[in-house]
Amino acid sequence: MTNATPHNIKKKSNTLTVAMLLVGLLSILLTSPISAQSPITARVDRNTLTIDEQVVLTVTVTGDFLKIPQPDLANLGEFIVVSSSTSTQVSIVNGQMTSQGVYLYRLQPLHEGAVEIGSIGVNIDGQLYQTDPIQLEVFAGGTPIQPPSQTNPDTDAPTLSPGEEFFVKAQVDNPNPFLGQQIIYTFQIYQASGFAFGQPDYTPPPFTDFWSQEIIAPLHHPEEINGITYMVTEIMTALFPANLGTITIEPASLVIPGSLLSPDIRLETEPVTVEVKSLPEQGKPEDFSGAVGQYSINANLSDSEVVINHPLTLRVTIEGTGNIQTLAEPVLPEMDKWRMFESKSFTDIDASNGRMTGTRTFERLVVPGQAGELTFEPISFSYYDPDAQAYNTISTEPIPVTVLPDDSQPALPTVVDFNDEEQTVNLLASDIRHIKPVPASLNVGTALSVAGQVVYWMAWIVPLFLVAGVQIWQHRQQRLQKDPAFARDQRAKRQALTILDEAKTAGSKEQAAAAGRALLGYLSDKLNKPTAGLTTGGLIRLLRESRLQTRHIERIEALLHQIDIGRFAPISAGDAESIIVETRRLIDDLEKSFSRQRKR
Amino acid sequence: MMGLLVTVSAVSAQAVSPTEAMTAGNQSYEAGNYAQAVEIYETMVAAGIQDSTLYYNLGNAYFKQGQLGKAILNYRRAYRLDPRDVDNNVNLALARSQALDKLDTANDGAVTNFVKAAEDWLTLDEASMLALGLWLLLCGLAIVAILLPRFRQVSLWAMAVVGLFLIVGLISIANRLYNDYAYPPAVVVAEQVSVMSGPGGADQYVVEFDLHTGAEVTQLESHDNWRRVSLPGHDFQGWISADALELVNPN
């Protein structure tokens, strides 16, 4: 593996003078800000490869920034990026924040020969930091790869027998673990030459009976066996036994693609056997939930001061080495002054160093139900330490909280005791008011409210008609007072009929005379003319001028003639009665005729 | 008097009057058997009894059971029927203070606040009858103005004042009727519910935020088994499962 260091800390040592100068220079650099470790480093997993293979470039950016800057890959040279992945980690220790971004790039060479990955830069706060270029050797496809230190062009490579060019192995670092204890399963690929026709395909075993997590970034190193130098690639998987007893891990396989003339090569490892021990019963804490490893715990609340019945966020963090993702939440202590709500968990794991480490954080909302100085009691967590072979129980510190009364609640009442000293009534707790007794009658609900019913809106219309009627009546009254012709017209029929009604019990001559008064009075009122001096001829002329229908005028003439006969000649009671009847009918007909005429 | 089939125990059921049923519910509550009290009160509600005292007692029983969302829902139903019940308002305020989601409504301006104040004092039916009364008074003043010219000036001024109150009252009633129909208020009764960006699960949409039991929301629309809700006074809105909330107006 080749490490590239930045220009500003490169050192050389040829002569004593130069060495002394360097010592002096380094002493200056160590006291200056830029003497700190460079924020960017780059390395590759190999420095020799064939044109068919890929090299993994790992760029690490470290600093105290909130947002980790992206490295600049503008000077990759004769490589293209096939794939990339990123992992970031932010830690705060003693208030000092450290951020680290690890960028993995899988690079494919474009040409054979000596090629260079150029400087990789990163811009932090306007200052550019760069790595050294990295030199690599790219051979033709199928060329055996040998580490440069082992390469001797003057010596023939040893002859490889079938099965010696590629082979695989599998092993675990601890074949006798405790239940839940982490072990590392390592799959090793030994290759004496490059893969001629593409990358091999690794199929891991099913890992039944284990909780597994593959550890990224395979390791590469050369290894000599029987005079042959192999490039060894190790793919590691973290395993956590989930069952007791003897567990056999099935073989892992690797398929190396062949060509048109040669078939694929399938390689398999031997099965690996693991004997899983149970955890000791002696000393097992009551709250033990199966955690195995080494852990620490801490807890905090989102604020040290809160208003009663307002929520706080309780954050419990377990950090350490072990199966972080399956850690159960610690049981919270019983606290009647607090209400707890459902929790959420977050996991941050790192397996880059071959061990599963990280943090598991549990967050939940908690609500204080009483004002005053409260304490959130310690939270315990138990685990089994396989290294020490003992159970450990760790606890958080008690968390003091100041819970303020709610100002929106009514002010507490005060009472005056017999010594006339004013005292505040202390509200010990809040509760709902008690239920009510059964009312005298229970309301059976209706689907519609009053405003949704038609009857309600009909009730709004009735007063409108009332107001309109009053307005019309008032207008009529005013006209009756101001317009005599209208008044005479309106009362003409009523007065005429009154005269006729009064004449019912009179004698025959009086009835005829009354009919005459009624008819003439009616017509003079309708024509708005005085009754006195009105002759039959003059009346007929006025009626014709008023465009009354001829048949009505003829009936009037005839009736007036009969009335004159009745007034001045003997007349029977029957004839007088018929004159009254005819007069009444004529007035009714005339009323309708005048009414129609008025409308026209 | 209508009869109710109230299951008092697991093995016996008998038809009783609403008054007897509520007495049994109250007795269960007094004995600390809140679950049975809830069962009896809910039976009465299901039978069509909509009484503010019934909803109040039901809210209390749910509160004692720790079901904050159901408690707030029933206190609000009681509030609809009797907004001047001090006990109900105190319990509603206490239950709201224990809800996790503090949804403070924004200041909406003088007119809106006046309308809200009216809503806090009168039920919809009371406001409707008051508006009808104002209308009758307005018409009466109009008749006085027509028939009695010497009181015409006074009547017209009185009509202007009454008319102003009537207009505000009608706006308030229209607003309440419209909101009850178009944007009915609802309460989250699930312990916790995720508000999605669309009417579907997490496989289709993203979780925009979470609501907890007792959160008071406004329902905007329905789509299958999903309800689109908004938070009063906020721009937040999204979709939640229909069984996670209940409308305040049970009709």
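## Exercises on a predicted two-chain model

In chain B, strand β6 (residues 216–223) and strand β7 (residues 226–230) run antiparallel and are joined by 5 bridges. The model is predicted, and the exercises below should be read with that in mind.

**Exercise 1.** Describe how β7(B) is placed with respect to β6(B) and to strand β8 (residues 237–241) of chain B.

*Solution.* Begin with the link between the two strands just introduced: β6(B) and β7(B) make a hairpin that has 2 residues between the strands, and D224(B), which lies in the turn, has a positive phi of about 55°. Next, look at the pairing of β7(B) with β8(B), which is also antiparallel and is made over 5 bridges. Finally, follow one residue of β7(B) in both directions: R228(B) stands opposite E221(B), and R228(B) also stands opposite W239(B) in β8(B).

**Exercise 2.** Decide whether α3 (residues 484–502) and α7 (residues 573–599) of chain A are roughly parallel or roughly antiparallel, and list the residues through which they meet.

*Solution.* The first step is to take the crossing angle, for the two helix axes come within 11 Å and cross at roughly 170°. Angles over 145 degrees count as roughly antiparallel, and α3(A) and α7(A) are therefore roughly antiparallel to each other. The second step is to name the residues: K493(A), A496(A), L497(A) and L500(A) of α3(A) meet I580(A), T583(A), R584(A), I587(A) and E591(A) of α7(A). Sorted by class, this contact has 5 nonpolar, 1 polar and 3 charged residues.

**Exercise 3.** Is L137(B) buried, exposed or partly exposed?

*Solution.* Locate L137(B) in helix α7 (residues 124–147) of chain B. A residue needs 20 or more other C-beta atoms within 10 Å to be buried, and 12 or fewer to be exposed; L137(B) has 17 and is therefore partly exposed. As for its surroundings, the C-alpha atom of L137(B) is separated by 7.7 Å from that of V162(B), although the two residues are 25 residues apart along the chain.

**Exercise 4.** Which elements of chain A supply at least two residues each to the side that touches chain B, and what classes of residue make up that side?

*Solution.* Start from the totals, in which 32 residues of chain A are in contact with 42 residues of chain B. The elements asked for are β23 (338–350), β24 (357–368) and α2 (454–482) of chain A, and the largest share, 9 residues, comes from α2(A). The residues on this side of chain A divide into 21 nonpolar, 7 polar and 4 charged.

Technical notes:
Residues numbered from 1 in each chain as written. Chains lettered and ligands numbered in written order. Predicted model: local features only at pLDDT ≥ 70, side-chain atom pairs only at ≥ 80, totals over all residues. Contact = placed C-beta atoms within 7 Å. Helix = DSSP H or I, 4+ residues; strand = E, 2+ residues; numbered from the N terminus. Nonpolar A, V, L, I, M, F, W, Y, C, P; charged D, E, K, R; others polar. Axes fitted to C-alpha atoms, helices over the stretch in contact; angles between N-to-C directions. Parallel < 35°, antiparallel > 145°, perpendicular 65-115°, else oblique. Pairing = 2+ DSSP bridges.
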